[in-house]
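Student: I should like to go through this structure by asking how each label is justified. May we begin with the terms and then turn to the residues?

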Amino acid sequence: QRIYYLSLEFYMGRTLQNTMINLGLQNACDEAVYQLGLDMEELEEIEEDAGLGNGGLGRLAACFLDSMATLGLAAYGYGIRYEYGIFNQKIRDGWQVEEADDWLRHGNPWEKARPEYMLPVHFYGRVEHTDTGTKWVDTQVVLALPYDTPVPGYMNNTVNTMRLWSARAPNDFNLRDFNVGDYIQAVLDRNLAENISRVLYPNDNFFEGKELRLKQEYFVVAATLQDIIRRFKASKFGSMESVRTVFDSFPDQVAIQLNDTHPAMAIPELMRIFVDIEKLPWNKAWDITKRTFAYTNHTVLPEALERWPVDLVEKLLPRHLQIIYEINQKHLDHIASLFPDDVDRLRRMSLIEEGGSKRINMAHLCIVGSHAINGVAKIHSEIVKTQVFKDFAALEPEKFQNKTNGITPRRWLLLCNPGLAELIAEKIGEDYVRDLSQLTKLHEFVDDDLFIREVAKVKQENKVKFALYLEKEYKVKINPSSMFDVHVKRIHEYKRQLMNCLHIITMYNRIRRDPMRLFVPRTVIIGGKAAPGYHMAKMIIKLINAVAQVVNNDPAVGSKLKVIFLENYRVSLAEKVIPATDLSEQISTAGTEASGTGNMKFMLNGALTIGTMDGANVEMAEEAGEENLFIFGMRVEDVTELDREGYNAQEFYERLPELKQAIDQIKSGFFSPNEPDLFKDVINMLFHHDRFKVFADYEAYVKCQEKVSELYLNSKAWTKMVIRNIAAAGKFSSDRTIKEYARDIWHVEPSDLKIPPPNEP
């Protein structure tokens with residue numbers, strides 16, 4: 001049984017150090033390089049990040065590849081080899097400016113082009129119905145050239161493959177047809193075909209219905225399915241040309257996981273291959289297809305759900321539209337037979353949304369075409385079942401599952417925090433790296449004074465190192481004994497960086513009001529990219545930088561409070577900031593963050609969490625005990641209730657003097673004296689259309705932050721709580737997540753067997 005993980009994003013970061021760790025070669029390499037008079041860390045800093053992802057979804061795919069290899073699964077990651085990954089973020093005058101990420105400029109030593117496996121992908125054209133069956137003809141062809149990157153498991157001599165497709169124009173492109181005269185233009189037009197793999201769409205949790213994006217989605221799907229079927233046929237008998245393959249065993253040998261709806265066109269594409277090319281009867285093809293696919297949902301935000309216009313799909317993929325219509329017809333016939341006369345149910349459950357222009361609801365296609373659907377944290381999977389897709393869950397409840405996300409402890413502990421990893425190994429041995437549940441053994445040492453001091457010491461060393469990095473890169477001097485309060489993730493209204501900003505302003509006002517009062521010094525670090533077209537997110541970045549400008553230059557504040565916006569947050573920067581963090585900010589409105597994975601990285605690296613009962617925070621609190629996290633604010637039920645009553649921001653503004661003061665300062669231009677109404681859009685949003693209810697949680701958040709400061713004063717009590725958190729972090733290994741996918745969805749057994757190295761028989 002082979003596993004195929006289909007994703008439009010793989011946020012891999014750097015590869016060198018991870019490869020050395022997984023191969024057990026790090027010390028040997030460090031030593032060898034040192035003897036050459038070089039510094040390994042300096043070398044590692046030269047490598048570009050492979051930034052082929054936006055955030056959580058893309059990084060999850062990368063962690064999953066590491067875990068699948070470590071668990072010895074025969075798994076392949078399939079995606080697109082974007083020439084330009086997520087943009088590089090520059091901050092100029094407090095504003096985000098995007099620069100192209102030309103990550104391949106110096107070549108990529110980890111990839112190997114495989115031109116021998118190049119495959120054709122078809123677009124446009126028309127559908128012909130003939131005696132011998134349906135044909136898709138007069139198409140434009142683009143070639144898919146695969147590049148393979150090795151994915152080593154941890155110390156088990158397993159190496160899997162990530163195969164990324166690059167678009168190439170065929171050599172007769174624009175030359176075979178009517179276009180006789182203009183040879184030069186025809187060659188220049190090859191770019192049109194090759195643009196498919198040019199650039200990653202930089203949207204996180206937002207759907208942009210562009211033709212190029214749909215081309216990317218179909219491109220990866222069509223190339224991958226041809227590859228899968230070639231491999232399936234080759235495994236059945238040693239030849240490519242078949243006498244007529246029997247596909248009955250296909251779902252037993254092939255499992256395809258769809259990472260969100262982005263690769264959803266795989267469902268009609270596999271049907272097209274079975275019905276049009278392999279001549280299977282529809283019902284048999286549909287049964288095989290459903291047993292092959294499983295779908296992971298990553299968000300409940302309506303603006304993120306993919307809804308492709310029918311006329312666009314009809315132009316680009318006419319045969320697939322017909323197949324989707326047929327899937328929908330049979331689906332609706334089935335529902336009508338179960339619920340006669342319930343036309344509203346038919347409308348709600350249709351794959352095609354009417355009203356205005358017709359659209360295809362890709363999530364509905366995935367649910368109908370898959371045998372398993374999962375959310376990515378308990379609370380998220382409940383919302384998926386009981387709210388977003390409740391009609392489907394009522395019909396087939398057994399299809400809906402939960403698979404709480406995880407992170408790879410190789411990159412997110414061994415690689416980024418060797419000091420802590422070693423300290424843990426001294427206490428409980430080294431086996432925890434492959435079985436993170438063993439971290440519970442640390443509970444025995446929660447009262448061990450020496451261990452407490454050592455944990456605090458490692459954290460302090462990490463903070464000093466990061467402070468030095470900030471000084472070097474950003475020319476800012478920060479106090480390493482201050483609390484490092486860190487909020488790093490994509491900038492989005494639902495993640496409520498604005499609420500953090502209001503807390504910063506509140507702290508600033510308290511210091512100025514009473515300069516002699518005891519104040520626990522903080523360095524607040526906020527980082528993350530905004531989608532280039534997301535106006536509000538870009539205004540939030542500007543506001544944070546405007547506030548930082550005032551706070552950091554007020555002599556009354558001194559070193560008590562510093563605010564830093566971390567430029568160009570990415571995987572390699574996360575590896576630096578996370579081990580140095582004291583307080584992790586996970587403050588999304590309850591019910592909006594599907595899981596979060598940054599929250600898990602901070603927990604594993606000895607930070608405490610301030611957060612809402614959202615996403616995986618709920619399970620973190622369950623594992624560590626709610627008293628060992630700083631949980632505040634509305635629960636999902638409270639948000640629902642507030643929606644029912646009607647959220648009135650004005651009410652909170654009038655009732656809370658510190659909130660009013662902060663808002664009035666932003667509104668009056670206190671933070672933008674040269675342009676007093678610079679932030680009018682932000683203020684207007686907060687009062688009149690704040691879907692994420694920042695004011696409703698402000699008071700509870702500020703009170704909770706006071707408890708954080710109070711505990712931080714007692715270093716020993718703080719560190720004991722840190723140890724309890726690390727000891728409870730075992731559940732959040734992606735190894736555990738992948739074992740659950742393997743058993744409950746793919747029906748394969750992970751093998752913890754180490755295969756012998758190639759030099760042994």
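Tutor: A residue is called exposed when its relative accessible area is over 50%, buried when it is under 20%, and partly exposed in between. The model before us is predicted.

Student: Why is Asp-138 called exposed?

Tutor: Its relative accessibility is 54%. The cut-off for exposed is over 50%, so Asp-138 counts as exposed.

Student: What makes the pair of Asp-138 and Arg-126 a salt bridge?

Tutor: The criterion is a side-chain nitrogen of Lys or Arg within 4 Å of a carboxyl oxygen of Asp or Glu. For Arg-126 and Asp-138 the N to O distance is 2.7 Å, so the pair meets the criterion. Arg-126 sits in strand β9 (residues 126-130), and Asp-138 in the loop between β10 (133-137) and β11, 12 residues apart. Arg-126 has a relative accessible area of 39% and is therefore partly exposed.

Student: How do you know that Lys-667 and Asp-664 form a salt bridge?

Tutor: Their N to O distance is 4.0 Å, to be set against a limit of within 4 Å; the pair is listed as a salt bridge. Both residues belong to helix α27 (residues 657-668), and because they are 3 residues apart, about one helical turn separates them. Lys-667, at 42% relative accessibility, is partly exposed, and Asp-664, at 23%, is partly exposed as well. Elsewhere, salt bridges with shared partners join Arg-114, Glu-116, Asp-148, Arg-163, Asp-227, Arg-230 and Arg-231 into one network. The structure holds 68 salt bridges.

Student: What does the salt bridge of Arg-14 and Glu-45 tie together?

Tutor: The side chains of Arg-14 and Glu-45 meet at 3.2 Å, N to O. Arg-14 lies in the loop between β2 and α1, while Glu-45 lies in helix α3, so the pair ties together parts that are 31 residues apart in sequence. Arg-14 is buried, since its relative accessibility is 13%, whereas Glu-45, at 40%, is partly exposed.

Student: Which residue of the other domain does Glu-45 meet in a salt bridge?

Tutor: Glu-45 meets Lys-576, with an N to O distance of 2.9 Å. The domain assignment places residues 2-406 and 740-745 in domain 1, and residues 477-719 in domain 2. Between the two domains the count is 4 salt bridges, and 19 residue pairs are in polar contact. Elements that give two or more residues to the side of domain 1 touching domain 2 are β2 (10-13), α4 (56-70), β5 (88-92), β6 (95-99) and α15 (378-388). By class, that side has 14 nonpolar, 15 polar and 10 charged residues.

Student: How much area is buried between domain 1 and domain 2?

Tutor: The buried area is about 3200 Å², with carbon and sulfur atoms giving 55% of it. Gln-89, Trp-95 and Ile-379 supply 19% of the area that domain 1 buries against domain 2, more than any other three residues. The centres of the two domains, taken over C-alpha atoms, are 35 Å apart, and the contact takes 39 residues from domain 1 and 41 residues from domain 2.

Student: Why is helix α1 described as mostly covered?

Tutor: Of the 8 residues in α1 (residues 16-23), 6 are buried. A buried residue has under 20% relative accessible area, and the ones in question are Gln-17, Asn-18, Thr-19, Met-20, Ile-21 and Asn-22. Their cover includes α2 (26-35), α3 (40-46), α4, β11 (140-152) and α17 (409-415). Just after α1, Gly-24 takes a positive phi of about 70°.

Student: What makes a positive phi noteworthy at Asp-341?

Tutor: Most residues other than glycine have a negative phi. Asp-341 is not a glycine, yet its phi is about 70°. Asp-341 lies in the loop between α12 (318-338) and α13 (343-349), and is exposed because its relative accessibility is 79%.

Student: Is Lys-693, which also has a positive phi, buried or exposed?

Tutor: Lys-693 is buried, because its relative accessible area is 4%. Its phi is about 55°, and its place is in the loop between α28 (680-688) and α29 (694-713).

Methods: Residues numbered from 1 in each chain as written. Predicted model: local features only at pLDDT ≥ 70, side-chain atom pairs only at ≥ 80, totals over all residues. Heavy atoms only, no water. Domains from an automatic or database assignment. Contact = heavy atoms within 4.5 Å. Buried area = accessible area lost by both parts, 1.4 Å probe. Polar contact = N/O pair within 3.5 Å; in protein donor to acceptor, adjacent residues only side chain to side chain. Helix = DSSP H or I, 4+ residues; strand = E, 2+ residues; numbered from the N terminus. Nonpolar A, V, L, I, M, F, W, Y, C, P; charged D, E, K, R; others polar. Buried < 20%, exposed > 50% of the residue type's maximum accessible area, 1.4 Å probe, protein only.
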